[in-house]
Amino acid sequence: MDLIPIFVIMREAVCLILRRDNKILGVSRKDDHTIFGFIGGKKDDTDNSPEEAIIRECLEETGIKPFNLKLIDKRVYGITKETTYLQHCFIGDFIGEPNSNTELVLRGEGILKWLTIEELEKGFFGEYNKMMLDSITWKT
């Protein structure tokens, strides 16, 4: 039997956990506004670091600039046939209010919603969300 070499590309991805009043700011998928996860996305060629990538993603998805970023986890996650992701998960602080849902939908983005920890742990990305949330000491 001939072996076929498989080439997998390693890409970096980032996510951010922002908390207010025991809820986490979630963003829906662009193509399905019922599926929510953390703020984030893929690191692109203009980003010099994962920190730059998550700041860019947060600004794009929410209109707010996070600060006091702290890396809470870095792991290989989301393996597909062609791509493996080195996922960087941050927590951080923010000032101000996120963009309105109408603004985001008109730009072709996902919508924002303050979610309970339980909602995030039971959602589409529940397994990953639970792993990240379990590593944070402020979880109640």
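**Entry 1: Phe38**

I started with Phe38 and looked up what touches it in this predicted model. I skipped its neighbours within four places in sequence, and Phe38 is then in contact with Cys15, Leu16, Ile17, Ile24, Val27, Leu120, Tyr128, Asn129, Met132 and Leu133. Next I wanted to know which core Phe38 belongs to. Phe38 sits in the largest nonpolar core, which has 15 residues. Along with Ile17, Ile24 and Leu133, Phe38 is among those with the most contacts inside that core.

I then asked myself which elements each supply at least two residues of this core. They are S1, S7, H3 and H4. H4 gives the most, with three residues. There is another core apart from this one, and I counted 14 residues there, including Leu16, Ile39, Ile54 and Ile64. My course notes fit here: in soluble globular proteins, nonpolar side chains tend to be buried together.

**Entry 2: helix H4**

H4 was the obvious next stop. It covers residues 126-134, and I found Gly126, Tyr128, Asn129, Met132 and Leu133 buried in it. Why do they end up on the same side of H4? They span an arc of only 160 degrees around the axis, so they share one side of the helix.

What do the buried residues of H4 pack against? I wrote down strand S1 (9-17), strand S3 (23-29), strand S4 (32-37), strand S6 (67-77), strand S7 (83-93) and helix H3 (117-122).

**Entry 3: salt bridges**

I switched to charges. Side chains of opposite charge can pair when their charged atoms come close. How many salt bridges does the structure hold? I got eight.

The pair I picked to begin with was Lys43 and Glu12, whose side chains meet at 3.7 Å, N to O. Lys43 is in the loop between strand S5 (39-42) and helix H1 (50-62), while Glu12 is in strand S1, so this salt bridge ties together parts that are 31 residues apart in sequence. I also checked whether each partner is buried or partly exposed. Lys43 has a relative accessible area of 19%, so it counts as buried, with the cut-off being under 20%. Glu12 comes out at 26%, which makes it partly exposed.

**Entry 4: around Arg56**

Arg56 kept turning up, so I gave it a page. It forms a salt bridge with Asp44, and the closest N and O atoms are 3.5 Å apart. Arg56 is in helix H1 and Asp44 in the loop between S5 and H1, and the pair links distant parts of the chain, 12 residues apart. Arg56 has 17% relative accessibility and counts as buried, whereas Asp44, at 29%, counts as partly exposed.

Arg56 also has a salt bridge with Glu57, at 3.2 Å from N to O. Both Arg56 and Glu57 are buried. Which residues make up the network here? I noted Asp44, Asp47, Arg56, Glu57 and Glu60, linked by salt bridges.

**Entry 5: the whole chain**

Last, I zoomed out. The chain has four helices and eight strands, and along the sequence they follow the pattern β-β-β-β-β-α-β-β-α-β-α-α. Of its 140 residues, 41% count as buried. I also looked at contacts with a separation of 6 or more: 63% of them are between residues 24 or more positions apart. For the surface, I noted that the chain exposes about 8500 Å², with carbon and sulfur atoms supplying 54% of it.

Notes
Residues numbered from 1 in each chain as written. Predicted model: local features only at pLDDT ≥ 70, side-chain atom pairs only at ≥ 80, totals over all residues. Heavy atoms only, no water. Buried < 20%, exposed > 50% of the residue type's maximum accessible area, 1.4 Å probe, protein only. Arc of directions from axis to C-beta. Contact = heavy atoms within 4.5 Å. Areas by Shrake-Rupley, 256 points an atom, 1.4 Å probe, with all protein chains shown as cover. Salt bridge = Lys/Arg side-chain N within 4 Å of Asp/Glu carboxyl O. Core = buried A, V, L, I, M, F, W, Y, C linked by side-chain atoms within 4.5 Å.
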